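Biologist: I would like a close look at one part of this model, the place where the two chains come together. Could you take me through it slowly, in connected prose, as you would for a first-year student?

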There are 2 protein chains.
Amino acid sequence: MKNKNKNKILSDIYKDISLTKEEFNFVVTKFEQITLNKGETLFREGDIVYYQYYVYDGCLRSYLIDNFGKEHTLQFAVKDWWISDYTAFFSTTKAIMSIECIQKSTVLKVSRKSMEQLYKEVPTIATFNRIKLEKAYANLQKRVLKNLSQTAKDRYISFIKTYPNIEQIVKNYHIASYLGIATESLSRIRKELTQ
Amino acid sequence: MKNKNKNKILSDIYKDISLTKEEFNFVVTKFEQITLNKGETLFREGDIVYYQYYVYDGCLRSYLIDNFGKEHTLQFAVKDWWISDYTAFFSTTKAIMSIECIQKSTVLKVSRKSMEQLYKEVPTIATFNRIKLEKAYANLQKRVLKNLSQTAKDRYISFIKTYPNIEQIVKNYHIASYLGIATESLSRIRKELTQ
């Protein structure tokens with residue numbers, strides 16, 4: 001898995017669209033494959049963000065630390081998820097969050113500039129990514145609504161549906177900080193659900 | 001304002017991009033102008049969503065009612081905002097929220113199918129909308145993070161920056177239900193800020 005071929009990963013990412021051989025070869029030149037170890041950081045709050053990241057395997061987490069030193073988790077990215085600080089990435093400005101690796105990961109990275117070139121040269125990818133972004137936007141709307149309207153217990157149930165098996169990888173306080181609850185509340189909810 | 005010409009509104013929407021006369025005329029055929037009165041509903045939870053809406057003037061609100069009958073506000077849309085239930089709109093499925101008019105509004109509506117035709121025939125609009133969607137996605141990420149990490153007071157301050165002058169139009173419980181707090185907490189915060 002460690003030396004998984006970049007071409008193979010890109011074939012997986014774009015398996016649902018038809019690319020000519022020439023287009024695919026162009027795509028390959030725009031992505032870089034990296035391996036991250038647990039505890040490594042992609043960028044921290046205040047860094048300029050040049051890349052977005054595709055997780056082939058492993059797990060990344062985006063989070064911010066508030067003025068009281070408390071962590072808040074925005075997103076986990078497991079297999080087939082994209083992650084970045086999108087406010088910073090889309091405008092190449094300073095990150096308002098950090099991204100760390102919480103399980104050894106194989107990741108492809110691509111810069112904003114490369115994405116723009118891809119959209120220009122390979123319109124099929126522009127359409128494919130637009131549809132992915134539409135879905136991501138709709139999912140984020142749902143998350144805002146769930147955070148406003150659901151109990152912590154229902155949010156936890158949604159969370160384990162969205163991220164099956166993630167509980168073996170991430171710490172309890174990561175999950176609690178994603179749900180916006182205390183670690184003790186998470187333990188109580190789990191106990192309730194197993195009863 | 002009532003009979004504001006649709007062509008003029010569309011020129012405003014797309015003022016930052018160059019369209020040929022032919023392209024612009026094609027765009028015009030895809031949008032329909034409607035006027036909504038206070039209290040009118042665009043769609044309710046459970047309706048199939050065919051359209052997204054551009055607010056030229058006035059104010060719309062998207063919200064859901066939870067199992068306890070409590071309202072939660074996802075978004076207000078004032079001049080130059082787009083609004084829909086995007087989960088439902090992007091896949092032409094049933095709405096999980098409702099949209100109502102809270103101040104007499106001039107609105108353009110466009111169907112999913114028309115948008116797809118526009119993206120195909122007018123690539124400049126595809127790019128323009130992709131960039132708008134990227135910004136909207138980034139803003140929604142920021143909102144999730146703010147909801148997790150900021151105090152109600154700071155969220156209220158962000159809210160009045162995002163929606164200046166909206167407090168004259170919307171009810172207090174709308175704002176409270178957007179911030180995820182009780183109406184009494186909103187009154188307390190306002191009192192604190194004026195002192």
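Modeller: Let us begin with the surface itself, bearing in mind that this is a predicted model. Every one of the interface residues of chain B, 100% of them, is also an interface residue in chain A, so the copies meet through the same surface. In terms of contacts, 35 residues of chain B are in contact with 35 residues of chain A. When we turn from contacts to area, about 3,300 Å² is buried between chain B and chain A, and carbon and sulfur atoms give 73% of that area. On the side of chain B, the residues that lose the most area to chain A are B:Tyr137, B:Leu145 and B:Leu148, which together make up 20% of what that side buries.

The next step is to consider how the copies are arranged. Chain B can be laid on chain A by a turn of 180°, with a shift of 0.0 Å along the axis and an RMSD of 0.0 Å. The two copies are therefore related as by a two-fold rotation axis. In chain B, the C-alpha nearest that axis belongs to B:Tyr137, at 2.8 Å from it, and B:Tyr137 is also one of the three residues of chain B that lose the most area to chain A.

Charged and polar pairs also cross the interface. The rule finds four salt bridges between chain B and chain A, and one salt bridge joins A:Arg112 to B:Glu134, with the closest N and O atoms 3.1 Å apart. Across this interface there are also eight residue pairs in polar contact, both residues of each pair having a pLDDT of 80 or more.

As for the elements involved, those that give two or more residues to the side of chain B that touches chain A are strand 4 (71-77), helix 3 (86-91), helix 4 (112-121), helix 5 (123-149) and helix 7 (172-179) of chain B. Helix 5 of chain B gives the most to that side, with 15 residues. If we sort the residues of the side of chain B that touches chain A by kind, we find 17 nonpolar, ten polar and eight charged.

Since helix 5 of chain B gives the most residues, it is worth pausing at one residue found in this helix, B:Asn129. The relative accessible area of B:Asn129 is 11%, which is under the 20% cut-off, and B:Asn129 therefore counts as buried. Leaving aside residues up to four places away in sequence, B:Asn129 touches B:Tyr14, B:Met115 and B:Tyr119. Of these, B:Tyr119 lies ten residues from B:Asn129 in sequence, and the two are 8.9 Å apart in space, C-alpha to C-alpha.

In the other chain, A:Asn129 is found in helix 5 (residues 123-149) of chain A, and A:Asn129 is buried, with a relative accessible area of 11%. Residues up to four places away in sequence again being left out, A:Asn129 touches A:Tyr14, A:Met115 and A:Tyr119. The side chain of A:Asn129 makes a polar contact with the side chain of A:Tyr119, at 3.0 Å.

Definitions and conventions. Residues numbered from 1 in each chain as written. Chains lettered and ligands numbered in written order. Predicted model: local features only at pLDDT ≥ 70, side-chain atom pairs only at ≥ 80, totals over all residues. Heavy atoms only, no water. Contact = heavy atoms within 4.5 Å. Buried area = accessible area lost by both parts, 1.4 Å probe. Salt bridge = Lys/Arg side-chain N within 4 Å of Asp/Glu carboxyl O. Polar contact = N/O pair within 3.5 Å; in protein donor to acceptor, adjacent residues only side chain to side chain. Helix = DSSP H or I, 4+ residues; strand = E, 2+ residues; numbered from the N terminus. Nonpolar A, V, L, I, M, F, W, Y, C, P; charged D, E, K, R; others polar. Least-squares fit on C-alpha atoms with pLDDT ≥ 70 in both. Buried < 20%, exposed > 50% of the residue type's maximum accessible area, 1.4 Å probe, protein only.
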